[in-house]
Amino acid sequence: MQTAKLARIPSMRERVEDTLSAHRNELVSLLSRYVEQGKGILQPHHLIDELDKIVGDDEANLTLIDGPFGDVLKSAQEAIVLPPFVAMAIRPRPGVWEYVRVNVYELSVEQLSVAEYLRFKEELVDGQSNDQYVLELDFEPFNATFPRPTRTSSIGNGVQFLNRHLSSIMFRNRDCFEPLLDFL
């Protein structure tokens with residue numbers, strides 16, 4: 001009996017790089033269309049519409065939509081265009097975000113951290129900034145005692161999650177019944 005091997009899922013950067021090598025001309029055309037629109041933020045439907053225009057009725061290009069890059073664009077939440085770069089915020093599944101930036105002229109792909117992506121997004125408004133002293137506010141201490149969902153099935157079901165959390169506290173601690181009775 002053969003045991004199944006667990007394979008590593010390629011990152012978004014690797015998927016984009018693989019598609020760039022397989023469909024170089026089509027992706028250069030697609031990314032150039034994004035850059036030609038000028039700097040700005042593109043919504044998911046803009047990304048898919050431009051891809052559909054590139055593919056058209058050509059059967060050979062349909063693999064581009066059904067392939068890994070099509071999955072990347074379908075899970076992209078937004079794209080930041082700041083020539084010669086196109087950066088995408090990709091949400092492959094609930095609670096997971098990845099950020100990728102493509103240099104359209106050099107066809108290089110790099111993975112971005114959250115801070116790098118936000119800094120890149122801020123350049124749309126502020127322009128290039130080398131300011132080392134940026135105001136950052138840390139609101140994390142206010143959230144220290146607030147419950148956080150740990151399961152992806154809880155994401156998007158906040159009221160249900162909080163109800164379960166509060167009811168579990170109430171039934172574990174008998175002293176919690178008194179404020180409830182006073183309220184009723």
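This is a short walk through the fold, from its sheet to its cores. The model is predicted.

Start with the sheet. Five strands build it, and they line up in the order 1-2-3-4-5. The sheet is open, and the pairing is antiparallel. Strand 1 and strand 5 (108–112) stand at the edges. Each of these two has a single partner strand, so one side of each has no neighbour in the sheet. From one strand to the next, the twist averages 25°. A general point helps when you look at a sheet like this. In a regular strand, side chains alternate between the two faces of the sheet.

Now take the pairs of strands. Strand 3 and strand 4 are joined in the antiparallel sense over 7 bridges. One residue pair shows this: I90 has E98, in strand 4, as its bridge partner. Strand 4 also pairs with strand 5, again in the antiparallel sense, over 5 bridges. Here N103 has S108, in strand 5, as its bridge partner. Strand 4 and strand 5 form a hairpin, with 4 residues between them. Look for L107 in the turn, where phi is positive, at about 55°.

Next come the helices. Helix 2 packs on the sheet. Helix 2 touches strand 1, strand 2, strand 3 and strand 4. Its direction makes about 110° with that of strand 3. Helix 3 lies across strand 1 and strand 2. Helix 3 runs at about 80° to strand 2.

Between strand 1 (40–42) and helix 3 there is a loop, and Q43 is found in it. Is Q43 buried, partly exposed or exposed? Its relative accessibility is 34%. Buried means under 20% and exposed means over 50%, so Q43 counts as partly exposed. Q43 and A79 are 36 residues apart along the chain, yet their C-alpha atoms are separated by 6.7 Å.

Finally, look inside. The largest nonpolar core has 29 residues. Which of them touch the most other members? They are V16, L30, Y34, L73 and V86. Many elements supply at least two residues each, including helix 1 (12–22), helix 3 (44–55), strand 2 (76–82) and strand 3 (85–93). Helix 2 gives the most, with 5 residues. Take L30 as an example. Leaving aside neighbours within four places in sequence, L30 is in contact with E50, L51, I54, F69 and L73. Another core lies apart from the largest one. This other core has 9 residues, among them L82, A87, F120 and L124.

Definitions and conventions. Residues are numbered from 1 along each chain as its sequence is written. This is a predicted model: local features need pLDDT of at least 70, side-chain atom pairs count only at pLDDT 80 or more; totals for chains, interfaces and linings use all residues. Side-chain values use heavy atoms; hydrogens and water are left out. A nonpolar core is a set of buried Ala, Val, Leu, Ile, Met, Phe, Trp, Tyr and Cys residues joined through side-chain atoms within 4.5 Å. Buried means under 20% relative accessible area, exposed over 50%, partly exposed in between (1.4 Å probe, protein chains only). Contact means heavy atoms within 4.5 Å. Two strands pair if DSSP finds at least two bridges between them. Axes are lines fitted to C-alpha atoms, for helices over the stretch in contact, and angles run from 0 to 180 degrees between N-to-C directions.
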